[in-house]
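Colleague: Got a minute? I'd like to go through this model with you.
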Amino acid sequence: MQVPAAFEYAKATSVTQTLDLLAQWGEDARVIAGGHSLIPMMKLRLARPTALIDINDVDELSYIKVEGGELRIGALTRHAELLESALVEEHYRIFRDAERVIADPIVRNRGTVGGSLCQADPAEDLSAAFAAVGASVVIQGARGSRTVPLTEFHVGPYETVVEAGELLTEVRVPIRPGGGSAYVKVERRVGDWAVAAAGAALWTSSEGTVSNVGIGLAAVGAEHFRAAEAEVYLVGKPATEESFAEAGRIAAQHSNPVADQRGPVDYKRHLAGELTVRALRAAAARARGQEA
Amino acid sequence: MTVTENPTPMGFGRMHRKEDARFVRGKGNYVDDVNLPGMLHGSFLRSPYAHAKIVSIDTSAAEALPGVKAVITGAVLETLSLAWMPTLSYDTQAVLATDKVRFQNQEVAFVVADNHYIARDALELIEVEYEPLPVVADAKQALAPGAPVIRDDKEGKTDNHIFDWSAGDKEKTDAVFASSDVVVAEDILYPRVHPSPLETCGAVADFDKVTGKLTIYSTTQAPHAHRTVYALVAGLPEHKIRVISPDIGGGFGGKVGIYPGYVLAIVGSIVTGKPVKWMEDRNEHLTATAFARDYHMRGEIAATKDGKIRALRVDVLADHGAFNGTAQPTKFPAGFFHIFTGSYDLEAASCNVKGVYTNKAPGGVAYACSFRITEAAYLVERMIDVLAFELKMDPAELRMKNLLQPAQFPYTTPTGWEYDSGDYPKALRLAMDMVGYEKLRVEQAEKLQRGEYMGIGISFFTEGVGAGPRKHMDILGLGMADGAELRVHPTGKAVLRLSVQTQGQGHETTFAQIVAEELGISPDDIDVVHGDTDQTPFGLGTYGSRSTPVSGAATAIVARKVRDRARIVASAMLEVSPDDLEWEKGKFFVKGDPDQAKTIQEIAMAAHSSLELPEGVEGHLDATTVYNPPNLTYPFGAYICVVDVDPATGQVKVRRFIAVDDCGVRINPMIVEGQVHGGLADGIGMALMQLMAFDEDGNHLGASLMDYLLPTSLECPSWELGETVTPSPHHPIGAKGVGESATVGSPAAVVNAVLDALKPFGVRHADMPLTPSNVWRAAQGRPIRTDLAIQ
């Protein structure tokens, strides 16, 4: 039987209380929300936190709202809430695309936005989606809070800048009207982690050139889940198939996938390009209001 | 397939499953639900290495942990002569490793503790010193010069060879090949997969020191066979052993053999004097219990230019893992693989199967394979398409041209099987009509013009199920015949006792319906008892789709015996000669005077009453029988799969799946359809996603359900089922068994469909599973070798 090693447990009801408990129990304590990554790791004894601080009742972290020209998403927001949010859909369709292919309904009912980002799995879809839309995250600690762009959030696989005693509380996405966004993913089976996935958010000028673009990539070893070189290339180029194909080529070239049972390196690199093109194509069509 | 307003039929027909009332209410009783007073919990320490010498094991810290009741190692078992046990293939298998470990996750030590948590904590306190050895992870390297010898426990063993087994007339086959216009060869892997039922394996053993009675609740498909094996191996008296197989959450052949966990639960109970529960987790189940397949096949097919197939020749390298533990009739080391000529009229065929040891878990026969007919059906159906590819022929036309014709039955195949009955062209034509075959080919051509790739795949299979004639088929000397007992109470309600054990097949309903058909007692009034060796007659259990062919026959026959007794009682009641009575379902009446009748219920009461019975006639109606099948039954079917493939990503979408099954007479069509649905999902899984590869160190790369993917409803289309009915001439009710048909038949249809879609890329073959990466690589002529780690 897979059963975790012994640990302390407390239920927090506020951010302040969570931070107090983190301070009290030290660096081997872990915050638990949805628990869909942490609990299996504990049962396999790959993770052995000495204490769990349950934040499922920290209601102040559960919201989706627009404030200060930004979409603000509380860390405790469930995947299912992000999926179903009309407010999010109004501004960024990439999130419904992404959430529809994240795990399964049972996981989405429980798993949280903040938990997904902090787990920092290299194949995490939300990391790529948030990277594409230029999101930033709010991290709170005993000495106050700081805001970190998503492109500086990940330190490496399963590693972020969130330090011991700190809590990710919010994700912020700047609202920029007039664009389109989309997410595409190849998985071996519904609910599987991505073999590769790409998200794009794209804005065009009145002349039809790309005025701003974000490209996120999951599972292909892209630095900070982002195809930065392809983004740079695209700005100022016409939003055409030719430009997207070149952007895809650049994204593939700069990806750094590793072989595993989901596929060999050449295939994953190919997908990085192919899916970048498909995401850009869909985002551009949505920007033009051409695709439902 | 809606079953809303159907009254209970008096016999065959659709009806809800009687057992489902408890399952849908959460009132099933599985092994893990068994909780006995004072019960302890056992857990295994397993090997991280695939091949390593055990230098030392230190259990002292684990033993010192409060709550730990026993730590059992191979050395402890050696003192009881239980460190090794026989397998169902006359090999030996380590119960706990003593000299060395031979596959990753092999059982090394067993902790018995007050609860799971303590047991698991204690495992971490056991210190084992290993000396890693070179690993055989690639079956193709098992017989290479200098390959490490895995089974050096066997005296004089200097290589990893287990057996060579041949069937068919090689000389004649070679001659036909030499004189044929067209010869095509292909290397085809049926990869290692795992049945992975919802319920993992487990046992609760309860040894009563006072009475000497050992009760074992275990996840077994064959409770009687297990009891006898326990008696023979452990020297326990057989009448003091009771094996109870309660509700089983799926078996698919993975619960036929005896696992170290069952043995350790027993040893743990004997050592501690308390009941001991052992329940596997998913990782243990996937890595250490019976895998399936792992056949590296080279097929060669010989034909005329115009597509008349003449002969088939197959060489197989069979990866059996570290111990030869395949569960099949003992005289057939390659199972029924030599049925590989399938549904076709050939002049000759021959095969050779070479079994080898590797540093992987033992097993091989599981996952609804009908003793390796899955491999055989896949091989021939792939080879037909390979031939169609070379001849540029339509695969449906090629099959039609070569199918056995109805007039040829009973048909003896070139490798010696005697097919009982069939109308193959009718089944294939029906499937083609259902799918709209000719129209689909037009659509496919149109789509290709637009750069869209769709594929149509056909598979026609012949199964051989219901092992078996006991003369030919036994397991460890136990003949494959099964008993049945039918008891009719005074009020006309009945109890049927069976040796076979349901794992979800619906026995409590199907077998009640057989009795109902024979006696006219409602299925609602018949209780089916199974899964308890103290309560049921001996028999070999449920696997190889044998329950209906064997125990279904036994049930019909025992019911007919009851009817014969009822005739005598009725004749006494009506004061006529038994010969003057006529049977109509549910009653006997006097010939020519239908009003003079007695119902089976009236007869049952009279049989227990003071009624004077003829001299020499016993009272009551109860009867027993043992059924020794004269032959296998041979169900068959025609499957057609339609897929859409995106070659730029390698993604496959199964659009439609048509399954025409002929399993003879259908007892409960709803249950038959449910079994077909499940098997078709299995086929999608094996063809497209289930991947159990090993890296060069022998690490298992499919050790969780995140890595070993089972299909969901979203990968499955809405199945379209059809049927033809060709009764088995030798089965009392003409039924053939269907539990494994769809698993046997469907993988080839899916694979053939995907490869049909890839035909414009010049792709003739790629191995399962056709994951997106494999499809993408195949389209470029570089398919992935799926049994090894992807590089």
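Modeller: Sure. One thing up front: this is a predicted model. Let's start where the chains meet. There, 37 residues of chain B are in contact with 31 residues of chain A.

Colleague: How much area is buried between chain B and chain A?

Modeller: About 2800 Å². Carbon and sulfur atoms give 54% of that area.

Colleague: And which residues in chain B lose the most area to chain A?

Modeller: R120(B), W776(B) and I790(B). Together they make up 19% of what the chain B side buries.

Colleague: How many salt bridges are there between chain B and chain A?

Modeller: Six. Here is one to look at: the side chains of R278(A) and D646(B) meet in a salt bridge, at 2.7 Å from N to O. There are also 14 residue pairs in polar contact between chain B and chain A, counting pairs with both residues at pLDDT 80 or more.

Colleague: Which helices of chain B supply at least two residues each to the side that touches chain A?

Modeller: α4 (116–123), α8 (282–288) and α18 (772–779) of chain B each do that. By type, the residues on this side of chain B divide into 19 nonpolar, eight polar and 10 charged.

Colleague: Okay, new topic. What is the strand order in the seven-stranded sheet of chain B?

Modeller: It goes β3-β7-β1-β14-β11-β12-β13. The sheet is open, and its pairing is mixed.

Colleague: Why is one side of β3 and of β13 left without a neighbour in the sheet?

Modeller: β3 (68–73) and β13 (241–244) of chain B stand at the edges. Each has a single partner strand, so one side of each has no neighbour in the sheet. On average, neighbouring strands here are turned by 20° against each other, direction ignored.

Colleague: How do β3(B) and β7 of chain B pair?

Modeller: In the antiparallel sense, over five bridges. β7 of chain B covers residues 107–113. For a spot to zoom in on, V71(B) stands opposite V111(B) in β7(B).

Colleague: What lies across this sheet?

Modeller: α4(B) lies across β1 (40–46), β3 and β7 of chain B, and runs at about 25° to β1(B). That helix came up earlier, as it supplies at least two residues to the side that touches chain A. Helix α6 (residues 223–234) of chain B lies across β12 (213–218) and β13, running at about 150° to β13(B).

Colleague: What about the sheet with β27 in it?

Modeller: That one is an open sheet of three strands in chain B, in the order β27-β28-β29. The pairing is antiparallel. Its edge strands are β27 (581–584) and β29 (593–599), and each pairs on one side only. The twist averages 35° from one strand to the next.

Colleague: Which helix packs on it, touching β27, β28 and β29 of chain B?

Modeller: Helix α14 (residues 547–574) of chain B. Its direction makes about 45° with that of β28(B). Helix α15 (residues 600–607) of chain B also lies across β27, β28 and β29, running at about 55° to β29(B).

Colleague: Last topic, the backbone. Where are the cis peptide bonds?

Modeller: One runs from A467(B) to G468(B), with omega near -20°. G468(B) is in the loop between β21 (453–462) and β22 (474–475) of chain B. Another cis bond runs from M768(B) to P769(B), with omega near -10°. P769(B) is in the loop between α17 (741–757) and α18 of chain B.

Colleague: And what is the phi of Y90(B)?

Modeller: Positive, about 60°, although Y90(B) is not a glycine. Y90(B) is in the loop between β4 (84–86) and β5 (92–94) of chain B.

Conventions. Residues numbered from 1 in each chain as written. Chains lettered and ligands numbered in written order. Predicted model: local features only at pLDDT ≥ 70, side-chain atom pairs only at ≥ 80, totals over all residues. Heavy atoms only, no water. Pairing = 2+ DSSP bridges. Helix = DSSP H or I, 4+ residues; strand = E, 2+ residues; numbered from the N terminus. Axes fitted to C-alpha atoms, helices over the stretch in contact; angles between N-to-C directions. Contact = heavy atoms within 4.5 Å. Buried area = accessible area lost by both parts, 1.4 Å probe. Salt bridge = Lys/Arg side-chain N within 4 Å of Asp/Glu carboxyl O. Polar contact = N/O pair within 3.5 Å; in protein donor to acceptor, adjacent residues only side chain to side chain. Nonpolar A, V, L, I, M, F, W, Y, C, P; charged D, E, K, R; others polar.
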